[in-house]
Structures are given as C-alpha cells and as structure tokens.
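User: Please take a close look at one part of this structure, the nonpolar core and what lies around it. I am a first-year student, so plain wording would help.

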Amino acid sequence: MFKTACSNKYMSLFRKLTTKRKMKKSSKCAYTQSHVGSRALLKKQYFSLVTFTKKSLVLLLMLLFTELANASFYKNLWPKWEVNNPLSHKVINHQLWQTFLNRRVITNEENINLVDYNHMTQIDLNLLKDYLKSMSEINIDNYNRNEQLAYWLNVYNALTVQIVANYYPITTIQEINISPGLFSVGPWGANLITIKDTPLTLDDINNRIIRAIWNDPRTHYALNNATIGAPNLSRKAYQGNKLEEQLNQAATTYINSLRGVHVVEGKLITSKIYEWYEEDFGGTKQDVVFHLLIFATEPLQSQLKHINSIDGYIYNWHINSPTADL
C-alpha cells in the first residue's frame, strides 16, 4: 500500500516535472524560433534598407551627374558684356588667327575641316598664344555688335584649338578634365582667358555671352568644339562686315552634311546639337525641323517637307584631326 502510494506519488511528481520541462522546452523553442524569426526579419529589413539606400544614392548621383553635365547647355545672360558702341566703325584684326588657320586646317574628302595637330610646331603654338593675348587686351565694349560677335566666335575657336594642342595626343576633348567640380567633364568650365580683368571659360563665352546676347541659332554653326561631330572649324576667321554671309554658309554646310542631318527610311536623324540646344532653335522638335528647312538644299529639303519631328540623334566625339577614326 505504502509502496503503491509512494509509487503513485512519485509518478505524479514525475509527470509534473516532465510537464514543466516540456513547457520550458516548448517555451524555449518558441522563444528561439521567435528570436531567429525576428533576427531574420531584421536582417531582411536591414539589407532591404541598404539596397534601397544604395539604389537611392546611385539614382541621386545619376540625377546630379545629369544635371551637372547639362549645366553647360543653360543660357544665362551676363549683363556686363552687353555694352557696345553701335556707331563704331572700328575693325578688329584677326590676322594671327587667320595665319594659323591657313597653316594647320585642312579639308578631307568628306568636306570636314580638320586640324593637323600632329604637325604643329612652336610657330603654330606661338600664333595661338599671341593671337589670344592680343584679343585679351582689347576693350570689346568699344565695338559694334557684329565686330563683337566675330570677336567672340574667333576667341572661342582659338581657345579650343589651343587647349587641345596643349594636351594632344588625345582621342576626344572630353579627356581634358580640367574643369572644376566632381562630375565635370572636358575643359569647358575652366578659366582659359582673362578679358576686361574677368576670367572666362568656354561655357561663359558660349552660354552667357554669345547665346544670351545675340540669340541667333546660326552661331552654333560657327563654334567648333574640336570634334568630328561638330560644325566645321571655319578656315576663314570671322569678320564683322562679312558675318551674315559667313553664318549662313556655316549653317548650310552643316545642315546638309551627314553629321548634321539625314533622313533614313523616312526617319529624321540629326546631330545632338539640336537636342542640347533645342530652345535656341524654337523650343520644339517641329521648330527644329522648320529651322532646318530654311538652310536645307536638295534632296534634304524635299525629304524634310514630309517630316514634323526628330526620330534620333547622333554625335561623333572623336577629335577633329586627320588621324581620327571617322
């Protein structure tokens, strides 16, 4: 009886202990599973956050880069350079620049003007240096608008040739990374000349002076950025008294070249110049087409009459030298 009672008591105690152990084990397992689950969830959330942060950072950098890259296309008037003398008949002498052009600019079979950087000598470099020095010493305020525009076009082109010559051999002008700023590309944002005690960049000359003051889309055909895809570097220095004729000729030459405009199976393909500076050509693709029609010759003129938009853009960034891969 005692044995049975003890046995029953022992078994009862054993069952209680076993039950408690099971409960503890179950509770521990539940805690462990819950803890592991929480850790997994936190880990998943962490990596999701990291991934999101990385994607956001990349997107932000891409947007920032795009914004900075496009900054060189923004037109922003610099009032200081609006001063002019409409009654002036003074003429600026561009002979040094013309001498350089005569020596080192050649035209290939595709009617592209190329700069013979390979054979430049100290004489050529001195011509560029002396010409730009003489231009920097001119008080440009004393001249009429045509003389001023010819001056800025020639200075821009001469500066571009000089900077490329200083870094040659290169494949593209974009390799000359001397502009300030983390995402800057090329030389367009670097101070290259001082005029009227004011340091100027190529972007200043193009976007804050030429484009902003004259608002003439034809000036895009007179500026050359040392690339195959750009309008030709004129073999004649721009002159105030010949400017109208020279700008029209530059526009006609570029628009009727394959680098500028061509139609393939009814699709209009143009230079990226018309995308970068669309606002200067009217603000819409249809406005650009209308502009092209003004200077187009046959067969392009007939092809454009049935087109109202642009289907694609092209641009060749190779340096405009005889050794470039066209």
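Analyst:

**The core and its surroundings**

In this predicted model, the largest nonpolar core has 79 residues, and Trp 97, Trp 152 and Val 164 touch the most other members. Helix α4 gives the largest share of this core, 13 residues. In soluble globular proteins, nonpolar side chains tend to be buried together.

Take Trp 97 as an example. Leaving aside residues up to four places away in sequence, Trp 97 touches Leu 128, Tyr 131, Asn 154, Asn 157, Ala 158, Val 161, Leu 233 and Ala 237. The list of what Trp 97 touches includes Asn 154 and Asn 157 as well as Leu 128 and Val 161.

For the setting, the chain has 9 helices and 7 strands. Of its 326 residues, 43% are buried. Among contacts between residues at least 6 apart in sequence, 70% join residues at least 24 apart. The chain exposes about 18,600 Å², and carbon and sulfur atoms supply 57% of that area.

Helix α4 also matters for the next element, α5. Helix α5 covers residues 202-214, and 12 of its 13 residues are buried. Among the buried ones are Leu 202, Ile 205, Ile 209, Ile 210, Ile 213 and Trp 214, but also Asp 203, Asp 204 and Arg 211. The cover over the buried residues of α5 includes α4 (145-167) and the strand β4 (198-200).

Both ends of α5 have a detail to look at. At its start, a side-chain oxygen of Thr 201 comes to within 3.3 Å of the backbone nitrogen of Asp 203. Just after the helix, Asn 215 has a positive phi of about 50 degrees.

Further along the chain is a sheet. Its 3 strands lie in the order β5-β6-β7, forming an open sheet with mixed pairing. The edge strands are β5 (261-264) and β7 (312-314), each of which pairs on one side only. On average, neighbouring strands of this sheet are turned by 30 degrees against each other, direction ignored. Strands of a sheet pair through backbone hydrogen bonds, either parallel or antiparallel.

Both kinds of pairing involve β6. With β5, strand β6 (residues 267-271) runs antiparallel, and 4 bridges join the two. Within β6, Leu 268 stands opposite Val 263. The hairpin of β5 and β6 has 2 residues between the strands, and Glu 265 in this hairpin takes a positive phi near 50 degrees. With β7, the pairing of β6 is parallel and has 3 bridges. Here Ser 271 has Ile 314 in β7 as its bridge partner.

Why is β6 described as largely enclosed by the rest of the structure? The reason is that 4 of the 5 residues of β6 are buried.

One last residue can be placed relative to this sheet. Gln 303 belongs to helix α9, residues 300-304. From C-alpha to C-alpha, Gln 303 is 9.0 Å from Leu 268, while 35 residues separate them in sequence. Gln 303 has 33% relative accessibility, so it counts as partly exposed. The reasoning uses two cut-offs: buried means under 20% relative accessible area and exposed means over 50%, with partly exposed in between.

Technical notes: Residues numbered from 1 in each chain as written. Predicted model: local features only at pLDDT ≥ 70, side-chain atom pairs only at ≥ 80, totals over all residues. Heavy atoms only, no water. Pairing = 2+ DSSP bridges. Axes fitted to C-alpha atoms, helices over the stretch in contact; angles between N-to-C directions. Buried < 20%, exposed > 50% of the residue type's maximum accessible area, 1.4 Å probe, protein only. Contact = heavy atoms within 4.5 Å. Polar contact = N/O pair within 3.5 Å; in protein donor to acceptor, adjacent residues only side chain to side chain. Areas by Shrake-Rupley, 256 points an atom, 1.4 Å probe, with all protein chains shown as cover. Core = buried A, V, L, I, M, F, W, Y, C linked by side-chain atoms within 4.5 Å.
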